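Trainee: Pick one part of this model and take me through it closely, please. I'd like the cut-offs along the way.

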Amino acid sequence: FVLFLLRWLFFFSTRPAMPRVSTPSTAVARDYTINLHKRIHKTKSFKRRAPRAISAIRKFARKEMGTEDVRIDTTLNQFVWSKGVRNVPFRVRVRLTRQHNDDEDAKEEMYTLCTLVQVPTFKGLQNETVKSEE
């Protein structure tokens, strides 16, 4: 057991440090389909379903785009709340746009803007990188 412990300590002490994942500094826009149903189906209270869906969209955007500052567009918010607080739509198609922050005293240099993409059906959609207009 002592030999095993010494080998283990030697292995982990000589291993090179893992590179840290930094926030990407490029502006990019991607379309995603978010399944809200599986993210909020364990909510105990009906009155928390729409707010939980909004926070699930924020969490998804934070994970995919790597920014802590996530801003939800008003049309996306209205779509989530369109059927009331209890009956949230099962899926939503969003465009996540990572943009440079123009505010000088901001904590981060990038933020993510979440906007609604209207689609007739969710069948066969893939995650897509959108060509920027600039």
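Mentor: Here's a close look at threonine 115, with the rest of the protein as the backdrop.
Keep in mind that this is a predicted model, where local features need pLDDT of at least 70, side-chain atom pairs count only at pLDDT 80 or more, and totals for chains, interfaces and linings use all residues. Numbering runs from 1 along each chain as its sequence is written, and side-chain values use heavy atoms, with hydrogens and water left out.

Threonine 115 sits in strand 4, which spans residues 110-116 (strands are DSSP E runs of at least two residues, helices H or I runs of at least four, numbered from the N terminus). Its relative accessibility is 19%, so threonine 115 counts as buried (under 20% relative accessible area, with exposed over 50% and partly exposed in between; 1.4 Å probe, protein chains only). Leaving out residues up to four places away in sequence, threonine 115 touches Asp73, Arg93, Val94 and Arg95 (contact means heavy atoms within 4.5 Å).

Now zoom out. The protein has 4 helices and 5 strands, and along the sequence they read α-β-α-α-β-α-β-β-β. Of the contacts between residues at least 6 apart in sequence, 68% join residues at least 24 apart. Threonine 115 is buried, and buried residues make up 30% of the protein's 134 residues. For a counterpoint, try leucine 5 in helix 1, residues 2-14: at 38% relative accessibility, leucine 5 counts as partly exposed. The protein as a whole exposes about 10,000 Å², with carbon and sulfur atoms supplying 54% of it (Shrake-Rupley, 1.4 Å probe).
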